[in-house]
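This briefing is meant to be read beside the sequence and the 3D view. Please keep both open while going through the points.

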Amino acid sequence: MSFLDQIEPLQQQAVQDFNQASDLTSLDQVRIQYLGASGKFTALLKQLSTLTKEEKPAAGKLVNLAKGELEAALASRRSVLELQAALPKNPTDFTLPGRRHSLGKLHPLTQVTDDIVRCFRKLGFVVADGPEIEDDYHCFDALNTPADHPARDAQDTFHLTGPSKHLLRTHTSSVQIRVMEKQAPPIRIIVPGRVYRRDNADATHNPTFHQIEGLYVDKNVTMSDLKGTVEFVFKQLLGDEVKLRFRPHYFSYTEPSMEIDFSSPLVKKMGKDWLEIAGCGMVHPQVFKTVGYDPEVWSGWAFGFGIERIAMIRYGITDIRLFYQNDVRFLAQF
Ligand code: DAH
């Protein structure tokens with residue numbers, strides 16, 4: 001058989017053998033049979049040198065073409081076999097019955113927060129959010145809190161180092177300002193979030209805890225709206241026997257300001273008649289002026305309360321630190 005006549009049958013045979021190789025090892029053996037140092041195709045290449053000067057160029061071209069095709073066929077077979085090798089030996093049977101794992105639960109603070117949010121949603125409030133790393137302006141100045149107010153004391157506030165004068169927000173009230181800066185009234189928001197104070201951890205204090213802030217601004221908003229709203233929410237959360245008491249207090253961003261005390265059979269169980277539960281009041285006209293609202297047109301109220309406090313009352317928990325220790329024996333109870 002002439003040299004040129006051998007090329008095509010050999011190529012066809014090789015491709016067929018490649019495609020019949022059932023795994024990577026046998027494919028490699030076939031490769032050696034054809035393309036190895038003493039392989040059949042290599043032998044053909046070697047014969048090139050026996051051709052005449054005239055025959056060589058055309059024959060060389062054909063042989064090289066065939067070699068290229070062989071290599072391509074080899075590579076494509078190899079990738080198929082590699083893919084097969086990567087597949088699991090025993091494929092998963094998804095129809096088998098599953099093993100049961102307990103699903104886990106939401107953290108009690110998350111559950112309480114969700115419940116509070118749900119109550120306020122019924123009244124048309126929406127959730128707003130703001131940064132935990134705040135500046136003096138939003139945490140204090142814009143809330144009408146003067147520079148000599150004890151809340152601004154370095155003993156109470158975590159200040160970040162560096163020239164930016166940032167701090168960890170001590171309350172969620174800063175978000176009132178951020179929302180009013182961006183949005184024209186009417187406003188009806190609640191803000192659940194984490195706050196920070198330089199308290200040492202004991203049974204009732206922790207350097208970080210959670211608050212819910214509320215802000216309602218519209219025309220002709222009155223204190224009775226505030227009382228009605230707070231009463232509705234606490235009854236939903238902690239039962240119909242709940243009693244509330246509003247005591248005069250001072251906050252720089254509300255006038256008048258009040259603290260809300262709370263009483264219920266749950267509180268009695270904790271050995272107390274009343275528990276202080278929230279701060280609130282009518283938004284101070286100066287705060288409205290600072291954010292560019294006309295205090296002659298708009299009125300509003302605000303409140304803030306601690307989420308841990310409410311969770312502790314609800315579940316009869318006496319040590320706040322339990323919320324942060326992530327002990328499954330504790331968490332599994334909720
Ligand atoms: N920011 C206060 C605190 O951390 C709570 C508070 C009081 C929030 C009165 C208010 C408010 O919005 O009007 O103790």
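The points below cover the ligand site, unusual backbone geometry, helix 11 and a few single residues.

The model is predicted. The ligand sits in the largest pocket, and 15 residues surround the ligand. Two cis peptide bonds are described, one from proline 185 to proline 186 and one between glutamate 255 and proline 256.

**Ligand site**

- Gln176, Arg197, Gln211, Glu213 and Tyr253 come nearest to the ligand among the 15 residues around it.
- An oxygen atom of the ligand lies 2.6 Å from an N or O atom in the side chain of glutamate 213.
- Two contacts involve ligand nitrogen: a nitrogen atom of the ligand is 2.9 Å from an N or O atom in the side chain of histidine 171, and a polar side-chain atom of tyrosine 253 is 2.8 Å from a nitrogen atom of the ligand.
- On its own the ligand has 360 Å² of accessible area, and the protein covers 90% of that.
- Strand 5 (208–218), strand 8 (275–283) and strand 9 (299–306) are the elements that give two or more residues to the shell around the ligand.
- By residue class, the shell around the ligand holds 5 nonpolar, 8 polar and 2 charged residues.

**Cis peptide bonds**

- As background, most peptide bonds are trans, and most residues other than glycine have a negative phi.
- The bond from proline 185 to proline 186 is cis, with omega near 0°; proline 186 lies in the loop between helix 7 (174–182) and strand 4 (187–196).
- The bond joining glutamate 255 and proline 256 is also cis, with omega about -5°, and proline 256 belongs to strand 7.

**Positive phi**

- Lysine 165 is not a glycine, yet its phi is positive, about 60°.
- Lysine 165 is placed in the loop between helix 6 (136–139) and strand 3 (166–168).
- Is lysine 165 buried or exposed? Lysine 165 counts as exposed because its relative accessibility is 58%, and the cut-off for exposed is over 50%.
- Asparagine 326, another residue other than glycine, has a positive phi near 55°; asparagine 326 is in the loop between helix 11 and helix 12 (328–331).

**Helix 11 and its end**

- Helix 11 spans residues 307–315, and its buried residues are Ile307, Glu308, Ile310, Ala311, Met312 and Ile313.
- Residues three or four places apart in an α-helix point the same way, because there are 3.6 residues a turn.
- Glycine 316 follows helix 11 and has a positive phi near 65°.

**Serine 257 in strand 7**

- Serine 257 is part of strand 7 (residues 254–263).
- With a relative accessible area of 5%, serine 257 is buried, because buried means under 20%.
- Which side chain does the side chain of serine 257 contact at 2.6 Å? The partner in this polar contact is threonine 254.
- The side chain of serine 257 also reaches the backbone nitrogen of phenylalanine 251, at 3.2 Å.

**Other single residues**

- Alanine 21 is in the loop between helix 1 (3–20) and helix 2 (24–35), and it is buried, at 4% relative accessible area.
- Although alanine 21 and arginine 77 are 56 residues apart in sequence, their C-alpha atoms are 8.4 Å apart in space.
- Threonine 204 is found in the loop between strand 4 and strand 5.
- Threonine 204 is partly exposed, with a relative accessible area of 47%, and its side chain makes a polar contact of 3.2 Å with the side chain of histidine 205.
- The C-alpha atoms of threonine 204 and serine 38 are 85 Å apart in space, and the two residues are 166 residues apart in sequence.
- Phenylalanine 330 is in helix 12 and counts as buried at 9% relative accessibility.
- Phenylalanine 330 and aspartate 202 are 128 residues apart along the chain, and their C-alpha atoms are separated by 18 Å.

Key:
Residues are numbered from 1 along each chain as its sequence is written. This is a predicted model: local features need pLDDT of at least 70, side-chain atom pairs count only at pLDDT 80 or more; totals for chains, interfaces and linings use all residues. Side-chain values use heavy atoms; hydrogens and water are left out. Buried means under 20% relative accessible area, exposed over 50%, partly exposed in between (1.4 Å probe, protein chains only). Helices (H or I, at least four residues) and strands (E, at least two) are DSSP runs, numbered from the N terminus. A residue is near a molecule or strand if one of its heavy atoms lies within 4 Å of it. A polar contact is a pair of N or O atoms within 3.5 Å; within protein, one must be able to donate a hydrogen and the other to accept it, and residues adjacent in sequence count only if both atoms are side-chain atoms. Accessible areas come from the Shrake-Rupley method with a 1.4 Å probe; for residues, only the protein chains shown count as cover. On a 1 Å grid over the protein atoms alone, a cavity is a set of points where a 1.4 Å probe fits but cannot get out, and a pocket is an open set with protein on both sides within 12 Å along at least five of seven lines; lining residues have an atom within 4 Å of a point. A molecule sits in a cavity or pocket if more than half of its atoms lie within 2 Å of its grid points. Ala, Val, Leu, Ile, Met, Phe, Trp, Tyr, Cys and Pro count as nonpolar, Asp, Glu, Lys and Arg as charged, and the others, Gly among them, as polar.
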